[in-house]
Amino acid sequence: MYFVDRTAVVLKPTANFLAWLKQADENMPDLTLEQIRSNCSVFLVPQFDEPEAVVSYFDEHYQTIFEAEISGWDIPRSQWPADMSLKAFWEYFEVEIHDMVLDMEEAELNITPVFDNMM
């Protein structure tokens, strides 16, 4: 087992995100908030001493994160939220911060660019 020099941040959709998702795709199954929050994206960010620093980090990178989360649902760009501001980001998502990240494997990590696979 190995310590990883990162902080793990679970990005959890809110009811506002679910409401947008349902109106953006009329063929979307009848998902619940519990369902979409059961398997969320986890971001590894630099280690920070305070949770507020993690939130600030997300403030700086929100646009890329927002686009990655929206594109993961395979919604056409024309149906994306009209407002993708920082304020909208925090209305659509909340974070759960974990400062102890452990790797159980000795194997090298495979790093693949996100947008090459999603867009």
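Tutor: Lys and Arg count as positive and Asp and Glu as negative, with His and the chain ends left out of the count. The model discussed here is predicted.

Student: How far apart do the centres of the positive and negative side chains lie?

Tutor: The protein carries 6 positive side chains and 23 negative ones. Taking each set by its centre, the separation is 7 Å.

Student: What pattern does the protein follow along the sequence?

Tutor: There are five helices and five strands to place. Read along the sequence, their order is β-β-α-α-β-α-α-β-β-α.

Student: What share of the contacts with a separation of 6 or more comes from residues 24 or more positions apart?

Tutor: The C-alpha trace spans about 45 × 30 × 25 Å along its principal axes, and buried residues make up 31% of the 119 residues. Among contacts with a separation of 6 or more, the share from residues 24 or more positions apart is 77%.

Student: Is the Phe17 and Trp73 ring pair stacked, edge-to-face or tilted?

Tutor: By the ring-centre rule the protein has 13 aromatic pairs. In the pair of Phe17 and Trp73, the centres are 6.2 Å apart and the planes make an angle of 50°. Planes under 30 degrees apart would be stacked and those over 60 edge-to-face, so this pair is classed as tilted.

Student: How many residues apart in sequence are the parts that this pair ties together?

Tutor: Phe17 belongs to helix α1 (residues 15-24). Trp73 sits in the loop between α3 (51-71) and α4 (86-92), so the pair ties together parts whose separation in sequence is 56 residues.

Student: Is Trp73 buried, partly exposed or exposed?

Tutor: Its partner Phe17 has a relative accessible area of 1% and is buried. For Trp73 the value is 28%. Buried requires under 20% and exposed over 50%, so Trp73 is partly exposed.

Student: What class of pair do Phe17 and Tyr92 form?

Tutor: Tyr92 is in helix α4, 75 residues from Phe17 in helix α1, and is buried at 13% relative accessibility. The ring centres of the two residues are 6.0 Å apart. Their planes stand at 80°, so the pair is edge-to-face.

Student: Which residues do ring pairs link into a cluster with Phe17?

Tutor: Phe17 pairs with Trp73 and also with Tyr92. Following the ring pairs, the cluster links Phe17 with Trp20, Tyr62, Phe66, Trp73, Phe89, Trp90, Tyr92 and Phe93.

Student: Within what arc do the buried residues of α1 fall?

Tutor: The buried residues in α1 are Phe17, Leu18, Trp20, Leu21 and Ala24. Seen down the helix axis, they line one face, because their directions fall within an arc of 160°.

Student: What covers the buried residues of α1?

Tutor: The buried residues in question include Phe17 and Trp20. Their cover includes β2 (6-13), α2 (33-36), α3, α4 and β4 (93-98).

Student: Which residues does Thr14 contact, leaving aside neighbours within four places in sequence?

Tutor: Thr14 lies in the loop between β2 and α1 and counts as buried at 12% relative accessibility. With those neighbours left aside, its contacts are Leu33, Arg37, Glu91, Tyr92, Phe93 and Glu94.

Student: How far apart in space, C-alpha to C-alpha, are Val95 and Pro51?

Tutor: Val95 is in strand β4 and is partly exposed, with a relative accessible area of 25%. Its contacts beyond four places in sequence include Val55 and Phe58. Val95 and Pro51 are 44 residues apart in sequence, and their C-alpha to C-alpha distance is 10.0 Å.

Notes. Residues numbered from 1 in each chain as written. Predicted model: local features only at pLDDT ≥ 70, side-chain atom pairs only at ≥ 80, totals over all residues. Heavy atoms only, no water. Phe/Tyr/Trp six-rings, centres within 6.5 Å; stacked < 30°, edge-to-face > 60°. Helix = DSSP H or I, 4+ residues; strand = E, 2+ residues; numbered from the N terminus. Buried < 20%, exposed > 50% of the residue type's maximum accessible area, 1.4 Å probe, protein only. Arc of directions from axis to C-beta. Contact = heavy atoms within 4.5 Å. Charge placed at Lys NZ, Arg CZ, Asp CG, Glu CD.
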